[in-house]
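These are my notebook entries on what I looked up in this structure, taken in the order in which I worked. I began with helix packing, then turned to ring pairs, peptide geometry and single residues.

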Amino acid sequence: MIDQEYMAQAIRLAKRGIYSTAPNPNVGCVIVNQGVVVGTGWHRRAGEPHAEVTALREASDRAQGADVYVTLEPCSHHGRTPPCADALLAAGVKRVIVAMQDPNPLVAGQGLERLRAAGITVETGVLEEQARALNPGFISRMQRGRPWVRVKLASSLDGRTAMASGESKWISSEAARQDVQRLRARSSAIVTGIGTVVADDPSLNVRLEAAQLYGVEPVRQPLRVVLDTRLRMSAQARMLSMPGDTLVLTGIQSSARQQALLDSGAEVAVIDAELGRLKPDAVLRFLAARGINEVLLECGPMVAGAVLKHGLVDELIIYLAPHVMGDAAQGLFHLPGLEQMKDRIALEWTDVRQVGTEMRITARPG
C-alpha cells in the first residue's frame, strides 16, 4: 500500500500540468529515501525540465539509494531535454516505480530496460489506470494517430441547442460557462464549424487567470480551428483579433480568400474533402501531426453529428439546462438515417453532476 500512496501523490502532482504541458504528457514524480519524501516534481511545459529532473534537483544527494515514483516511464531519448533515465542513473537511485509504460514509440519500454540493465529495480503498473487517465490525448495521439476528441454541447431539457432563428444566448448558466473555460484551457485545440462562426462570431479563447490554472504563467491559448470547406471565413472574425493562433481548414484553393485571412493573422490549410465536406478523420490526422493531444469541439449539430457518425467521439460533455425550447428549435446532432431502434448510437454515462443550474453529463460511445 505504501507504493500506491506515493504514486497517488505523484499523480496529484502530474495534474498540475494539465493546462500547460501539451504536446508533452502530464507527469509527476516523488522521490523517497528511508520513508521520507526528499524530492517532488511535475512537468510544467514542453522544453522545461521533466518531472524526474525537478524532483532530483530538490532531492540532491538524498536521491542516492532512494525510491523514485513516476507516473510515466522515464524517457530514454534526446528531445528538447536530455533523457530522464540517464539522470536517474547518474543520481544513483535504487528503485524506480512506474505507473505506466510510455506509448511514445521513441521510448516504449526502452527507458525501463536501460534502468534494469544498470541494475536498478524497476516495477510497473502501480495505479496504471489513474495514470492513463492523466493523458488521454497523448496516449491517443501515440497509439491511434489522432487526438482525444471531446464534444461540448449545451442543451435544453428537450435536447435543443438553439431556437429556430438561431438564437442561443444563453442556454446555460454563468457557472456552466465558467466550467467550459476549464475544458478549453486543458485542450490543445478548439474546433468549430463555419456555421457557428457565421452565426455567433465566437472568440473561442480561454478567459481564466493563471491563478485559476495552478498558477502556470502565461495562460496557454488553445489553437482555434475552423472547419470551412468553401472558405467563407471573414477576415474580420472576432477570433482573429484574440491572443493565440487560428487555423482555417478548407477544401478549396482560393488565393484571394486565403490571402485575406493570412493578412488577418490566420493560417489556412487545404485538406481532403468529400461530398462538399471536410473528412473528419483527415481533420484529426492533420491536427495530430501538429502535436495536438486533446480536441474540444464547440460546434453545431452538423459537425457534432458528423464526428459521432464516423465513430470519432471519445467523450460527450452536455450541459443540460432546466428549461424546454420546443419542437421548432435546433437539435443536438444532425444524424440522418437513424430510422430503427437498431440504428441507435449507444452511450455510456461516465459522470453526472450539477454545475450551476445545469446537469453536466459526460458520456462515451458504448
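**Helix packing**

Working on a predicted model, I looked first at helix 2 (residues 51–59) and helix 3, and I found that their axes come within 9 Å and cross at roughly 20°. Since angles under 35 degrees count as roughly parallel, I entered helix 2 as roughly parallel to helix 3. I noted the handedness as well: helix 2 passes helix 3 in a left-handed crossing.

Which residues of the two helices meet here? On the side of helix 2 I listed Glu52, Val53 and Leu56, and on the side of helix 3 I listed Cys84, Ala87, Leu88 and Ala91. Sorted by class, the residues of this contact of helix 2 with helix 3 come to 6 nonpolar, no polar and 1 charged.

I then followed helix 3 (residues 84–91) to helix 4 (residues 110–117), where the axes come within 9 Å and cross at roughly 20°. That makes helix 3 roughly parallel to helix 4, and I recorded the crossing of helix 3 past helix 4 as right-handed. The contact is built from Ala85, Asp86, Leu88 and Leu89 of helix 3, together with Gly111, Arg114 and Leu115 of helix 4. For the classes in this contact of helix 3 with helix 4, I wrote down 4 nonpolar, 1 polar and 2 charged residues.

Leu88 deserves its own remark in my notes, for Leu88 is listed in the contact of helix 3 with helix 2 and is listed again in the contact of helix 3 with helix 4.

**Aromatic pairs**

How many aromatic pairs does a search of the whole structure find? I got 2 aromatic pairs. One of them joins Tyr6 and Tyr69, whose rings are 5.2 Å apart centre to centre with 45° between the planes, and I noted the pair as tilted. Tyr6 lies in helix 1 (residues 2–14) and Tyr69 in strand 3 (residues 67–70), so this pair ties together parts that are 63 residues apart in sequence. I checked the accessibility of these two residues and found that Tyr6 is buried, as is Tyr69.

In the pair of Tyr19 and Tyr214, the ring centres are 6.0 Å apart and the planes stand at 35°, so I entered this pair as tilted too. I placed Tyr19 in the loop between helix 1 and strand 1 (28–33), and Tyr214 in the loop between helix 8 (194–200) and strand 9 (223–227), so the pair ties together parts that are 195 residues apart in sequence. Tyr19 has a relative accessible area of 13% and is therefore buried, whereas Tyr214, with a relative accessible area of 39%, is partly exposed.

**Peptide bonds and backbone angles**

The two loops that hold Tyr19 and Tyr214 came up again when I looked for cis peptide bonds. Ala22 and Pro23 are joined by a cis peptide bond with omega about 10°, and Pro23 is in the loop between helix 1 and strand 1. Glu217 and Pro218 are joined by a cis peptide bond with omega about -15°, and Pro218 has its place in the loop between helix 8 and strand 9.

I next noted residues with positive phi. Gln34, though not a glycine, has a positive phi of about 55°; I found Gln34 in the loop between strand 1 and strand 2 (36–42), and at 77% relative accessibility Gln34 counts as exposed. Ala108 is not a glycine either and has a positive phi of about 40°; Ala108 lies in the loop between strand 4 (95–98) and helix 4, and at 38% relative accessibility Ala108 counts as partly exposed.

In helix 10 (residues 280–289), I listed Pro280, Ala282, Val283, Leu284, Leu287 and Ala288 as buried. Gly291 follows helix 10, and the phi of Gly291 is positive, near 85°.

**Ser156**

Is Ser156 buried or exposed? At 0% relative accessibility, I entered Ser156 as buried, and I located Ser156 in the loop between strand 6 (148–155) and strand 7 (160–162). Leaving aside residues up to four places away in sequence, Ser156 touches Ile171, Leu320, Ala321, His323, Val324 and Met325. For Val324 I also noted the backbone separation: the C-alpha atoms of Ser156 and Val324 are separated by 5.4 Å, with the two residues 168 residues apart along the chain.

Conventions. Residues are numbered from 1 along each chain as its sequence is written. This is a predicted model: local features need pLDDT of at least 70, side-chain atom pairs count only at pLDDT 80 or more; totals for chains, interfaces and linings use all residues. Side-chain values use heavy atoms; hydrogens and water are left out. Axes are lines fitted to C-alpha atoms, for helices over the stretch in contact, and angles run from 0 to 180 degrees between N-to-C directions. Helices (H or I, at least four residues) and strands (E, at least two) are DSSP runs, numbered from the N terminus. Angles under 35 degrees count as roughly parallel, over 145 as roughly antiparallel, 65 to 115 as roughly perpendicular and the rest as oblique. A crossing is left-handed if the near helix is turned anticlockwise from the far one by less than a right angle, and right-handed if clockwise. Contact means heavy atoms within 4.5 Å. Ala, Val, Leu, Ile, Met, Phe, Trp, Tyr, Cys and Pro count as nonpolar, Asp, Glu, Lys and Arg as charged, and the others, Gly among them, as polar. Rings of Phe, Tyr and Trp (its six-membered ring) pair if their centres lie within 6.5 Å; planes under 30 degrees apart count as stacked, over 60 as edge-to-face and the rest as tilted. Buried means under 20% relative accessible area, exposed over 50%, partly exposed in between (1.4 Å probe, protein chains only).
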